[in-house]
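Let's take a walk through this model together, with the sequence and the coordinates open side by side. We will go from one charged pair to the next and look at the surroundings on the way.

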Amino acid sequence: MDKKILLSASHLKKRYRVNRRSSVFAVNDVSLDIYNGETLALVGESGCGKSTLARLLTGMVKADEGSVLFEGQNIAVLSDRELRPYRKKMQMVFQDPASSLDPRMKVRDIIAEPLLTWHVYDTPKETTDRVIELLDMVDLGEECLSRYPHQFSGGQRQRIGIARAIALNPSLLICDEAVSALDVCVQAQILNLLKRLKQQMGLTCLFISHDLSVVSFIADRICVMKDGSICEIAPAVQLYSSPAHEYTRFLLSSVPKLIV
Ligand SMILES: Nc1ncnc2c1ncn2[C@@H]1O[C@H](COP(=O)(O)OP(=O)(O)O)[C@@H](O)[C@H]1O
Ligand SMILES: [Mg+2]
């Protein structure tokens, strides 16, 4: 991992109205850097603002305040149109591939979609070759091309989602609870795959999970979030061995001892 910053968020705030009288800060004054080539884990209880922060970082959700510097540009102030070339470089993998993959589309078309949108190749043959290559990168075979999402297991569907997310060689891959719906054993396989892809492609990854034990395997640094704010960001080894924040210690106390 080099020490070049890929993305730098400063003082991000996002408030949602709960009812006519009150509102909640989903993200409250968050600043963080993501370095080139690292896997940064974002951990915290459900509802603490992880997904909102991820959406702010990609510009999918507009911040009330704050900036997001990506490749030298403050993308928090861009219009949707201006944002498009940046969104191409930041891809997301979601928790539930069953709902993020269109059930009526064949795997070939699901993975080819970003390639076609961005006119990456001149011929259908080149596009299909790239789809086959991407399937291979996530350990799926050519026979998957003409199948539909429902014909796959949860773990396989997540591999398809990952293949689509890496199709355009993104600089940043955001995995939002990407393994949370999977069995422990399948979780481990997907984490292994992400780790391998990171090495192969030099990917930078923001890996979001509510579960501190899941991220221990994959994270270089860990960012702990609570009630819309960051409690602590530290290298994974340091965070596990000497957590600085009381809330991190609380989260660690609920992690099975074998894993720590
Ligand atoms: N689109 C939205 N409209 C209203 N409230 C929202 C919206 N998205 C998130 N929230 C609220 O913001 C807080 C943080 O949510 P979220 O970012 O989804 O947390 P996490 O991903 O950590 O579970 C929660 O209180 C949630 O109810
Ligand atoms: Mg979430």
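Which lysine side chain meets the side chain of glutamate 71 in a salt bridge? Keep in mind, as you look, that this is a predicted model. The partner is lysine 89, with a distance of 2.9 Å from N to O. This pair links distant parts of the chain, since glutamate 71 sits in the loop between β4 (65-70) and β5 (73-74), while lysine 89 belongs to helix α2 (residues 80-89), 18 residues apart. Glutamate 71 has a relative accessible area of 43%, so it is partly exposed. Lysine 89 is also partly exposed, because its relative accessible area is 32%. In general, side chains of opposite charge can pair when their charged atoms come close. The structure holds 11 salt bridges, and we will visit some others below.

Before leaving this region, have a look at serine 79, which is placed in the loop between β5 and α2. With a relative accessibility of 33%, serine 79 counts as partly exposed. Its C-alpha atom is separated by 9.6 Å from that of lysine 62, and the two residues are 17 apart along the chain.

Now turn to helix α5, which covers residues 124-137. Its 14 residues reach 20 Å from the first C-alpha to the last, close to the 20 Å expected at 1.5 Å a residue. Which residues of α5 are buried? They are Thr127, Arg130, Val131, Leu134, Leu135 and Met137. Seen down the axis of α5, these buried residues fall within an arc of 155 degrees, and therefore they line one face of the helix. A general rule helps in reading such a pattern: an α-helix has 3.6 residues a turn, so residues three or four places apart point the same way. The buried residues of α5 have three helices to pack against, namely α4 (107-117), α6 (154-166) and α7 (184-201).

On the other side of α5, you will find Lys125 and Asp136 exposed. Lysine 125 is worth a second look, as it forms a salt bridge with aspartate 129, where the closest N and O atoms are 2.6 Å apart. Both residues of this pair lie in α5, 4 residues apart, which is about one turn of the helix. Lysine 125 has a relative accessible area of 56%, so it is exposed. Aspartate 129 counts as partly exposed because its relative accessibility is 37%.

What follows α5? Aspartate 139 does, with a positive phi near 65 degrees. Aspartate 139 also forms a salt bridge with arginine 159, the closest N and O atoms being 3.5 Å apart. Here again the pair links distant parts of the chain: aspartate 139 is in the loop between α5 and α6, whereas arginine 159 is in helix α6, 20 residues apart. Is arginine 159 buried or exposed? At 11% relative accessibility, arginine 159 counts as buried, with the cut-off for that term set at under 20%. Aspartate 139, at 46% relative accessibility, counts as partly exposed.

The pair is part of a wider set, as Asp139, Arg159 and Arg196 are linked in a network of salt bridges. Leaving aside neighbours within four places in sequence, arginine 159 is in contact with Val138, Asp139, Leu140, Gln189, Ile190 and Leu193.

Stay in helix α6 a moment longer for glycine 161. Glycine 161 counts as buried because its relative accessibility is 8%. Not counting residues up to four places away in sequence, glycine 161 touches Val93 and Leu101. To relate this spot to another part of the chain, try serine 67: glycine 161 and serine 67 are 94 residues apart in sequence and 29 Å apart in space, C-alpha to C-alpha.

Our last stop is on the surface, where Tyr16, Val18 and Val24 form a nonpolar patch. Together these residues have about 250 Å² of accessible area. Among them, valine 24 has its place in strand β2 (residues 23-35). Valine 24 counts as partly exposed, because its relative accessibility is 39%.

Key: Residues numbered from 1 in each chain as written. Chains lettered and ligands numbered in written order. Predicted model: local features only at pLDDT ≥ 70, side-chain atom pairs only at ≥ 80, totals over all residues. Heavy atoms only, no water. Helix = DSSP H or I, 4+ residues; strand = E, 2+ residues; numbered from the N terminus. Expected span 1.5 Å × (residues − 1). Buried < 20%, exposed > 50% of the residue type's maximum accessible area, 1.4 Å probe, protein only. Arc of directions from axis to C-beta. Contact = heavy atoms within 4.5 Å. Patch = residues over 30% accessible without salt bridge, like charges linked within 9 Å, V, L, I, M, F, W, Y side chains within 5 Å. Areas by Shrake-Rupley, 256 points an atom, 1.4 Å probe, with all protein chains shown as cover. Salt bridge = Lys/Arg side-chain N within 4 Å of Asp/Glu carboxyl O.
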